[in-house]
Amino acid sequence: MEQEIVQEESGNYIKIKGKAGETRSEKIFSYEDIPCFLPLEIRCINGVKEYYYPISGKVTLKQYLTETEFHLKDIKILFAALFEMVEVLEDYLLDSRGLMIREDMIFIERNSQKIYGIYQEDNEKDFVVSIGGLLEFIMEKMNQKEKDLVFFVYGMHKQTKEENCSRQMLKEYVGQKEEPQREHILPEAVVEPKKQYSAPKKNPYFHKVKPVAAGIAGAGLICPLILWKSGVFTSAVSGETDYGRLAGAVLFFLAVSGYGIWRLSVLGKNKTAAEFEAVREGEKKVCLIPQVRGGEPIPVTEFPFRMGSDKEFVHFAIDSEDVSPFHAEIRQEGGSIMIIDEESVYGTYRNGQQLVPWQPVLLQDGDVIRFARWEYVVEITSRYMSCEQ
């Protein structure tokens, strides 16, 4: 379908070439302004019909999402408007597939932010499929760190891929008040929210402390017994046991052994906390999530981790002419994850900013990195974190 933007004295128009023959929809749109849709003017040039839609003061959805910072509320309003357009078409007994659900065929009025659609009779793309394609465009433009928006968009996109997905199901999804269940809707390409670290519920050092503590407690009882058997508490004059001295010795040794057990327990607890902190800060798990449908996640299995097109000398090879043989490297330095561009031809980017070759740049969970045209979301977690939401 050929289309172009034309400028005339009366304003700006989007022009689309049409097929021969008159249709019912052309009659309706030519003589009546349909709510939510751009008005239609039909011109016949050299026997070829051309559809003109006025777009003065309006921008395409593509331009709007590219230039404007949008949030979950804005995307919900967009899809609610699309569902309303479909219902309007059905009220006029028109095929809902005629709604052009494309980022370059949906228009937004600059002043009122009102959303307008275009109807084309020969558009035969399925509604659910079209919504899925629009969601994929939104994925490219949205802020990956705005978690509510990310989970909503990816969850809806996943729903469009289900065999039994219908327009009504998508409408209910958009209208739901509760936040989607994240653990169920997350596809591989979405960045999971940062999880809170939690120390082990049981002290793993206690199994070492317990036998030593038992030994100290036993020594506190055995030592007085040995001294008693050796006659230390026997009176030299009467030859009888001085139970007062024996009781004092037992209490002394029990106090000493109790103090030892307490100190050992505290040492074990502190050592465990220190070890856990060291693990928490020092040992990270990194995974690169591709931003193309069907792409495989890249687990960073060791550090340093080199990426490039040379299969023999890198840890993960990207088979593309845009990717240099040694393109970039991911390192772990003192608990921090760094990325380094190895003077690649087409560059390495972090959140849209090109890296200076050979200068390490800090990576954080949720960052978007790009090797030439290959884009990934960085997922960084701790190997010892709790997986509970």
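## The hairpin of E1 and E2

In this predicted model, Glu 8 stands opposite Gly 11 in strand E2, and Gln 7 in turn stands opposite Asn 12 of that strand. These residues belong to the pairing of strand E1, residues 3-8, with E2, which runs in the antiparallel sense over six bridges. The link from E1 to E2 is a hairpin of two residues.

Strand E2 spans residues 11-17, and five of its seven residues are buried, so the strand is largely enclosed by the rest of the structure. One residue placed in E2 is Lys 15, which counts as buried because its relative accessible area is 13%, a value that falls under the 20% cut-off. When neighbours within four places in sequence are left aside, Lys 15 is in contact with Glu 2, Gln 3, Glu 4, Val 6, Glu 50, Tyr 51 and Tyr 52.

## The sheet around E2

E2 also pairs with strand E4, residues 48-54, in the antiparallel sense and over five bridges. Within this pairing, Tyr 13 has Pro 54 of E4 as its bridge partner. Tyr 51 and Tyr 52, both among the contacts of Lys 15, have numbers that lie in the range of E4, residues 48-54.

Taken as a whole, the sheet is open and has four strands in the order E1-E2-E4-E3, with antiparallel pairing. Its edges are formed by E1 and by strand E3 (41-45), each of which pairs on one side only. On average, and with direction ignored, neighbouring strands of this sheet are turned by 35 degrees against each other. As a general point, the side chains of a regular strand alternate between the two faces of the sheet.

## The helix pair H5 and H6

Two packed helices are described by the angle between their axes and the distance between the axes. For helix H5, residues 147-160, and helix H6, residues 167-175, the axes come within 10 Å and cross at roughly 165 degrees. H5 and H6 are therefore roughly antiparallel to each other, since angles over 145 degrees count as such. The crossing in which H5 passes H6 is right-handed.

On the side of H5, the contact is made by Phe 151, Phe 152, Gly 155, Met 156, Gln 159 and Thr 160, while H6 contributes Met 169, Leu 170, Tyr 173 and Val 174. Sorted by character, the residues of this contact comprise seven nonpolar and three polar ones, with no charged residue.

## Strands E8 to E16

Further along the chain, strand E8 covers residues 284-290, and six of its seven residues are buried, so E8 is largely enclosed by the rest of the structure. E8 pairs with strand E9, residues 298-300, in the antiparallel sense over three bridges, and in this pairing Val 286 stands opposite Val 300 in E9.

The loop between E9 and E10 holds Pro 304, and a cis peptide bond, with omega at about -10 degrees, joins Phe 303 to Pro 304. Strand E10, residues 305-308, then pairs with strand E12, residues 328-333, in the antiparallel sense over three bridges, with Phe 305 standing opposite Ile 330 in E12. E10 and E12 are part of an open sheet of five strands, ordered E11-E10-E12-E13-E16, in which the pairing is mixed. Strand E11 (316-317) and strand E16 (361-363) are the edge strands of this sheet, each pairing on one side only.

## Two residues with positive phi

Asn 351 is placed in the loop between strand E14 (348-350) and strand E15 (353-354). Its phi is near 50 degrees, a positive value in a residue other than glycine, and Asn 351 counts as partly exposed because its relative accessibility is 36%. Trp 358 lies in the loop between E15 and E16, and its phi, near 70 degrees, is likewise a positive value in a residue other than glycine.

## The chain as a whole

The chain has nine helices and 18 strands, and 40% of its 389 residues count as buried. Of the contacts in the chain between residues at least 6 apart in sequence, 59% join residues that are at least 24 apart.

Methods
Residues numbered from 1 in each chain as written. Predicted model: local features only at pLDDT ≥ 70, side-chain atom pairs only at ≥ 80, totals over all residues. Heavy atoms only, no water. Axes fitted to C-alpha atoms, helices over the stretch in contact; angles between N-to-C directions. Parallel < 35°, antiparallel > 145°, perpendicular 65-115°, else oblique. Left-handed = near helix turned anticlockwise from the far one by under 90°. Contact = heavy atoms within 4.5 Å. Nonpolar A, V, L, I, M, F, W, Y, C, P; charged D, E, K, R; others polar. Buried < 20%, exposed > 50% of the residue type's maximum accessible area, 1.4 Å probe, protein only. Pairing = 2+ DSSP bridges.
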